[in-house]
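Hi,

Here's the structure I said I'd pass along. Have a look below, and then I'll run through what turned up.

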Amino acid sequence: LQRFFEIFFRNSSPQQAFSNMKEAISKLLLITEVFSESSASGSSSSNQCSQCFQMLTFDIGFGTLIDPVVLEVHEHFDFPDEDESNIQDQTFKEFLFEDTFKFLLSNESSTSSFIEALQKIYGSAVSKDETYNKDEPCLSLEEINSMITFIKELKSLGQFELLFPSAAPKIQTFLHDLYHMVDPMKQLGSALTVHWLLSSLLEQFQFVTKEAHTSLSERHSSQENSHPKQNTLSDFRKNHEALYNAIKTKERLCSYDKDTLSHIRQIFTSPQLDLNPQFNPKIREYYAEVPFDTVTVRIGAEPSNCQCQVHLDEKKGPSFASYPLGLGLNRVVILVTDDSQPSPQVVSSYKITISREDRPSLPLFDDYMMCGFVQDCGSRIRPEESCGLQPLSHEYLSAISQRELKTCEAGDTKGQWIVPCLSCSDNRTCDWREIMWQPHGCQHSVLSKPELQSCMEGRRILFIGDSTNRGMMYYLIERVNKTLEEWQKTHDVKCYHNINEGKTFVSYSYYPQFWMNANQRPSFEKALEQLLHRSRPLENTDQTVLIVGGVQWLNSNHLQIIQKVLSRENLSNILVIIKSIGMGFHLPVDGIHSLSQAEVQNLWNENLVILDTAKNFGYEVVDTFLITMGRYKEFLQGKCGCHFHEVVKSNPSEESPHLTMTLSRHYTLGKYFSSQSKLSQLQDYATNSQSPYHVRGPINQVYSEILLSRLCASKRELAST
């Protein structure tokens, strides 16, 4: 705080601005106390707690002058962090709490010091056998205890500064005028006595608070050698991490020994990770596990050698960064560079593998109930609607358990996630392995392999979008072929001719190419034209299918461009399927833009516009936002927190898990559902040991199956006709 005032008031008077801020806070607290005392004096009982404490946070505003205004007082400890909770601020919080508890829970005895101070204040002996003179104030036991506690706190102030009592003339004058105005009848004599005694006690212990009252100029001059004066805010920010290291370690402990060139001295993590093995500079690989609810981690490191620096993930990466933790394994690489050379060289690397657990799940018992949810209470997209698990009525369960439930007519039919639990009030009692997506009043068709292969025969399927769209493409390929022979994170145009025994063509174009400068990126129109040309010949029928979508780049303007390009290319009659936006970018991580809660909530309205516009153009839709928003914590690897799929290498030596994803299937739990879903026929494809790769992710599987059902809907109608 002292450094802050030095930087921002360097052209005026930092010391005066700092004093004015303390004065403004002191006056507000004194006014609050006096009116509280005045109110309490009129009642026979008081609800005040003498041994209680409260941490208050003040929002202070400064205009062009150095006079502050108290904008707001938070009745709790409020530490807003504009930089998305970095590890430095986390450490500062820890220091604040540490100092707070040191003076609140001090074990130092202060009774003898209190008696000694009173002797000096009154100039006469004070003991349990003597009494005060009648003109001297008589303290209650509660007030005496408060005095003793005050002395304890004076001895353990840490880095806190005492605001009151204060010898500042302005405060003394203000206090006199305040009591005279509020208490002309002198009814608050007890409070005045306590103030006077506190001031007197403070005089006896000035040596304790001498450091706390050091002026800014004195404090700065004592730090000239270790912290050269910064002249700009930019310089101040550049030194933020250096200052943090100085605070954390008091001074940077580094060596010039060449043997330490490749070592890091310590690893910082927030929340604290239990590294296995324990950290040792000579050990290069570590493993840690975190529970399901831990979705981000802040990691930093410090080099052992004074000539070295550490960087995360890449040669020019930061030394501290926040990472999203997808379900399963997450890897962070710490690089050590030797900066003594004109061109810094990487001299070593450390790897941390962090395993994030799946959602805790209880095995299903006979005595269970069915619960449903659309949104999680941890991120309420629709504040006006209920969140978390809600019990499902018997009527609702009976309706969706019909043997011949009608087929959904659109890919954006509203629905909810359903899961069996012992209690809907406790999500820890649920069997999350049995969760299913249930549209209201209908079911999405799940095609068998022969049905899907027949539907795909002779068709040319074109995908354009980001990695979430690519995940749906690979799911489609694996479903049709029953195997996934090749896979790559392509960021260009890719064509596949070996689908469905050569009877189906699939192509993909990555959009948008976010890594390029905005003025160099191909436009959506250009990218779409290129994909169409690379995929020819194309029929102007539903034998040609265009699937468009991504996380959050898509808007209604793109749909108008699609219509314009298809009309120009004489492809207006092809089948177009729009994948709507999905959850993602909701985590405070480095290197990407993160959405605020208000921006996340606004995605709901943006999604509705996309769905309505698409349907007005006659396009099919798949609403992925509704499906992902309630399970936003169940993302897989990737900085965006938006991937609900991953492509993994198949391992024939390991027994593949049973396909537990359920999609509008009639629950196999006899209590409510009696019939089996066609999804049970799909369990073999996910366990094909001959497939080199496999698309994993139950949430991706749900909306990918909806995509397949919409892709083949017209074929089913023709067949039934």
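How many nonpolar, polar and charged residues are in the lining of the largest cavity? The split is five nonpolar, four polar and one charged. Keep in mind that this is a predicted model.

The residues lining that largest cavity are Thr468, Val551, Lys579, Gly582, Met583, Thr624, Thr628, Cys642, Phe644 and Tyr703. Lys579 is the charged one. The space inside comes to about 50 Å³, and the structure has three cavities of 30 Å³ or more.

Next is the second largest cavity, with about 40 Å³ of space. Its lining has eight nonpolar residues, plus one polar and one charged. Leu362, Pro363, Leu364, Phe365 and Tyr368 line it, together with Pro420, Cys421, Leu422, Thr429 and Asp431. Here Asp431 is the charged residue and Thr429 the polar one.

Now for confidence. Mean pLDDT for the chain is 79, and 75% of the residues reach 70 or more. Two stretches to know about: pLDDT stays under 50 over residues 124-135, and also over residues 207-251. The model does give both of them contacts beyond four places in sequence: twelve for residues 124-135 and 63 for residues 207-251. Where pLDDT is low, though, the predicted coordinates shouldn't be read in detail.

Cheers

Conventions. Residues are numbered from 1 along each chain as its sequence is written. This is a predicted model: local features need pLDDT of at least 70, side-chain atom pairs count only at pLDDT 80 or more; totals for chains, interfaces and linings use all residues. Side-chain values use heavy atoms; hydrogens and water are left out. On a 1 Å grid over the protein atoms alone, a cavity is a set of points where a 1.4 Å probe fits but cannot get out, and a pocket is an open set with protein on both sides within 12 Å along at least five of seven lines; lining residues have an atom within 4 Å of a point. Grid points are joined across faces, edges and corners, and a volume is the space filled by probe spheres set on the points. pLDDT is the predictor's confidence in each residue, from 0 to 100. Contact means heavy atoms within 4.5 Å.
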